[in-house]
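This briefing concerns helix packing and internal space in the structure shown below. Please read it alongside the sequence and the coordinates.

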Amino acid sequence: GMMTMVPDVFGARPANPPTEGALLSQIIPRLIAQTGTTWEAACSKRGSYIRSWWMLNPEYEYRFYNDTQVDIYVRQHASETELRAFHLVRMGAQRADFFRLLFLRDEGGVYADIDSELRQPLRTLITETATAVVPHDWSFEFLCYARNHPIMHEAVRTAVGKIFEQARLHTLQAAGRCSGPHHCVMGTTGPLAYHNAVYRASRASGCKNERQIVDVKRECRRATPAMRDMIQCKRPVLSAQKGAPPWICNTTRHWDCRVYDRSRIDSRPIRNNNRCGVRHWQHPKRNATDFFWPLHEDIPLNYSF
């Protein structure tokens, strides 16, 4: 059997492979990464969700990265240009976005937001030969990738380009600068930027997709192995519980505070951004200037790829 060891005070735990029967080697590393301000705060607020990830996957290494560790990780793994971009974003949400892309590009494995809950082991989902496992709609809060995947290379590139572009427009107070959380976060480092990258990487790798949301089986049959051998989950059945998120890949669900409130299960979902608390990146009172630091002279204003 497999022993489940508990993470240490920083939220790190080595893999505990089964004692009998060797584990088959797998293209996607058996490694789970999550991030938050501190391990202590994350556990007190999201303890049951976080526990589901390390409890159900004893054969996976589990690593929690606090704010300081995210900074150190990026400093060690980013190129000079990537590091400059990272230092231009101001919100924790943007840094978490950037970190997951860099982490999956350089190490591969599984990234999950800390408000995501897991209900069955990853071994029921990730096969030995899969280069990635992606939800039907390419959602951004649960990512499983092999190391060095073309999509992650493109996603880091896209985020860096969009950060420089926005920081430049904000510094110049120019038209086209983002004006709030949707564009400044989701469109720059988050899901919309990721979908952009998915589109570009899949087209460059021989997929035939017309839209950003790729249908792997249908559109990537003749693509490079990295794209062809991704597993794409079916569209989830809507949650039986009213006011609860659907199970993505039949395995995980995301308790996004903007939409769901666990204390009000079975009541109508409320779409009210105030509910996430004042420090949340989507708080309605956020100004566009909350998202980027001004550019300094040493960064070329005409930076482009």
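About 410 Å³ of space lies in the second largest pocket of this predicted model. The structure also holds two cavities of 30 Å³ or more. Three helix pairs are described after these spaces: α5 with α7, α2 with α4, and α4 with α5.

**Second largest pocket**

- The lining of this pocket comprises 15 residues, and those nearest its centre are Asp215, Val216, Lys217, Gln232 and Cys233.
- Two or more lining residues come from each of α8 (216–219) and β8 (230–232).
- By class, the lining of the second largest pocket has seven charged, six nonpolar and two polar residues.

**Second largest cavity**

- The second largest cavity encloses about 30 Å³ of space.
- Its lining consists of Ser116, Ser139, Glu141, Phe142, Ile248, Thr252, Arg253 and His254.
- With three residues, strand β9 (residues 252–254) gives the most to this lining.
- Four polar, two nonpolar and two charged residues make up the lining of the second largest cavity.

**Helices α5 and α7**

- Helix α5 (residues 150–171) packs against helix α7 (residues 191–204) at an angle of about 130°, and their axes lie 8 Å apart.
- Because of this angle, α5 is oblique to α7.
- The two helices, α5 and α7, cross in a right-handed sense.
- On the α5 side, the contact is made by Pro150, Ile151, Met152, Glu154, Ala155, Thr158 and Lys162.
- On the α7 side, the contact is made by Ala193, Tyr194, Asn196, Ala197, Val198, Arg200 and Ala201.
- Nine nonpolar, three charged and two polar residues form the contact of α5 with α7.

**Helices α2 and α4**

- Helix α2 (residues 67–77) and helix α4 (residues 92–106) pack with their axes 10 Å apart, at an angle of about 50°.
- The angle therefore makes α2 oblique to α4.
- The crossing of α2 with α4 is left-handed.
- From α2, the residues Val70, Asp71, Tyr73, Val74 and His77 take part in the contact.
- Their partners in α4 are Arg95, Phe98, Phe99, Leu102, Phe103, Arg105 and Asp106.
- The contact of α2 with α4 divides into seven nonpolar, four charged and one polar residue.

**Helices α4 and α5**

- The axes of α4 and α5 cross at roughly 150° and come within 8 Å.
- Since angles over 145 degrees count as roughly antiparallel, α4 and α5 are roughly antiparallel to each other.
- The crossing in which α4 passes α5 is left-handed.
- In α4, the contact residues are Phe98, Leu101, Leu102, Leu104 and Arg105.
- In α5, they are Met152, His153, Ala155, Val156, Ala159, Val160 and Ile163.
- By class, the contact of α4 with α5 has 10 nonpolar residues, one polar residue and one charged residue.

**Residues that recur between contacts**

- Phe98, Leu102 and Arg105 of α4 meet α2, and these residues of α4 also meet α5.
- Met152 and Ala155 of α5 take part in the contact with α7, and both also meet α4.

Conventions: Residues are numbered from 1 along each chain as its sequence is written. This is a predicted model: local features need pLDDT of at least 70, side-chain atom pairs count only at pLDDT 80 or more; totals for chains, interfaces and linings use all residues. Side-chain values use heavy atoms; hydrogens and water are left out. Axes are lines fitted to C-alpha atoms, for helices over the stretch in contact, and angles run from 0 to 180 degrees between N-to-C directions. Helices (H or I, at least four residues) and strands (E, at least two) are DSSP runs, numbered from the N terminus. Angles under 35 degrees count as roughly parallel, over 145 as roughly antiparallel, 65 to 115 as roughly perpendicular and the rest as oblique. A crossing is left-handed if the near helix is turned anticlockwise from the far one by less than a right angle, and right-handed if clockwise. Contact means heavy atoms within 4.5 Å. Ala, Val, Leu, Ile, Met, Phe, Trp, Tyr, Cys and Pro count as nonpolar, Asp, Glu, Lys and Arg as charged, and the others, Gly among them, as polar. On a 1 Å grid over the protein atoms alone, a cavity is a set of points where a 1.4 Å probe fits but cannot get out, and a pocket is an open set with protein on both sides within 12 Å along at least five of seven lines; lining residues have an atom within 4 Å of a point. Grid points are joined across faces, edges and corners, and a volume is the space filled by probe spheres set on the points.
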